[in-house]
Structure formats: structure tokens, C-alpha cells
Amino acid sequence: MGAGTRLVQLKNDDGKISGEEVWTSRDLKPDFNDVLVHKGYIYGFDNRIFTCIDLINGKRKWKGGRYEKGQALFCADSDLIIVVSETGGLFLLRANPEKHEELAQVSALSDKTWNHPVLIGDRLFLRNATEAVAYQLPVK
């Protein structure tokens, strides 16, 4: 925790696996949060702030959006990221490496959550220790 992110290139030489560090970046320091990789960029939480870094060199593109210790889910077909903040807010972001682009937000849960959002078809499911909600999302 707090150490940063590292890209390692794995190599298989006749069944012998080895790894070589490509870069280490302190620009993205996720704790227990997942990172999302899309079109050459990594999106995720730098501690409590959502961040985008370049997959090639690990350099920060932008940092914005204070979602506490939230979780994120990537919708690859639409270039959208769903973020659930630790405090129960639901946010929709565009996967844009040039800037933090928040498209919508709604208060979804009334208490702390560290649970991952789940998307099945057009239904988004969120929960915490005391409540659960489902949203039907518009699809094209």
C-alpha cells in the first residue's frame, strides 16, 4: 500500500519464466482498489483520488475526482467508467486520458461501501453491509 504501480514484462524461455521491470510509478498508488486498463492508459485510485496514467511510461495524465476508497468498473463498449465512492456515491466517468470527465452522479447508498459494483446486461447492482440497490441503465 502506498508503494505505487509497477509494470513488469514477463518472458518465457523454454519453460523458465522471468520478469523484468519496465517502469515503477508513484503517480498511481492503489490500496485495495482495482485498476482499469484501456487503450494504452491505466485508470484507478491514487489513494483517494481517481487518476489516469500512461501505460507506456507510468507518467500521470491527470488526477481528479475525490471518491475516497471507492471501486471502479469499466464498460469497454462505451468507454465509460462506473465509480462507486466509499461514501455511497455513484459516478459515471468517460475514459478520457486527456482530462477527468465526470458525466453524472447520484447518491446511491447511505453508508460506507467497499464492495465492487456489478453490471449484468443493463442492470447495475450496488451494496454495502445494510442495503442493496439496482439500477436499470439505458443501453444503445
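# Salt bridges and the largest pocket

Student: At 38% relative accessibility, does Arg-123 count as buried, partly exposed or exposed?
Tutor: The model is a predicted one. Buried requires under 20% relative accessible area and exposed over 50%. Arg-123 has 38%, so it counts as partly exposed.

Student: Which residue does Arg-123 meet in a salt bridge?
Tutor: The N to O distance for this pair is 3.4 Å, and the cut-off is 4 Å. The partner has a relative accessibility of 22% and counts as partly exposed. That partner of Arg-123 is Asp-122.

Student: How many salt bridges does a search of the whole structure find?
Tutor: The search covers the whole structure, and the pair Asp-122 and Arg-123 meets the criterion. Some residues are linked in a network, namely Asp-27, Lys-29, Asp-46, Arg-60 and Lys-63. The total number of salt bridges is 13.

Student: How many residues apart in sequence are the parts tied together by Glu-21 and Arg-6?
Tutor: Glu-21 and Arg-6 form a salt bridge, with the closest N and O atoms 3.5 Å apart. Glu-21 lies in strand E2 (residues 16-25) and Arg-6 in strand E1 (residues 5-13), so the pair ties together parts whose separation in sequence is 15 residues.

Student: Of Glu-21 and Arg-6, which counts as exposed?
Tutor: Exposed means over 50% relative accessible area. Glu-21 has 45% and is partly exposed. At 53%, the exposed residue is Arg-6.

Student: Which loops does the salt bridge between Glu-86 and Arg-48 tie together?
Tutor: The two side chains meet at 3.6 Å, N to O. The parts they tie together are 38 residues apart in sequence, since Glu-86 lies in the loop between strand E8 (80-84) and strand E9 (89-94), and Arg-48 in the loop between strand E4 (41-46) and strand E5 (49-54).

Student: Is Glu-86 buried or exposed?
Tutor: Its partner Arg-48 is partly exposed, at 36%. Glu-86 has a relative accessibility of 9%. The limit is 20%, so Glu-86 counts as buried.

Student: What is the volume of the largest pocket?
Tutor: The residues closest to the centre of this pocket are Leu-80, Ile-82, Leu-92, Leu-137 and Pro-138, out of 21 that line it. E8, E9 and strand E10 (101-107) each supply at least two residues of the lining. The volume is about 600 Å³.

Student: How many residues in the lining of the largest pocket are nonpolar?
Tutor: The lining has 3 polar and 3 charged residues. Leu, Ile and Pro count as nonpolar, so Leu-80, Ile-82, Leu-92, Leu-137 and Pro-138 belong to that class. The number of nonpolar residues in the lining is 15.

Methods: Residues are numbered from 1 along each chain as its sequence is written. This is a predicted model: local features need pLDDT of at least 70, side-chain atom pairs count only at pLDDT 80 or more; totals for chains, interfaces and linings use all residues. Side-chain values use heavy atoms; hydrogens and water are left out. Helices (H or I, at least four residues) and strands (E, at least two) are DSSP runs, numbered from the N terminus. Buried means under 20% relative accessible area, exposed over 50%, partly exposed in between (1.4 Å probe, protein chains only). On a 1 Å grid over the protein atoms alone, a cavity is a set of points where a 1.4 Å probe fits but cannot get out, and a pocket is an open set with protein on both sides within 12 Å along at least five of seven lines; lining residues have an atom within 4 Å of a point. Grid points are joined across faces, edges and corners, and a volume is the space filled by probe spheres set on the points.
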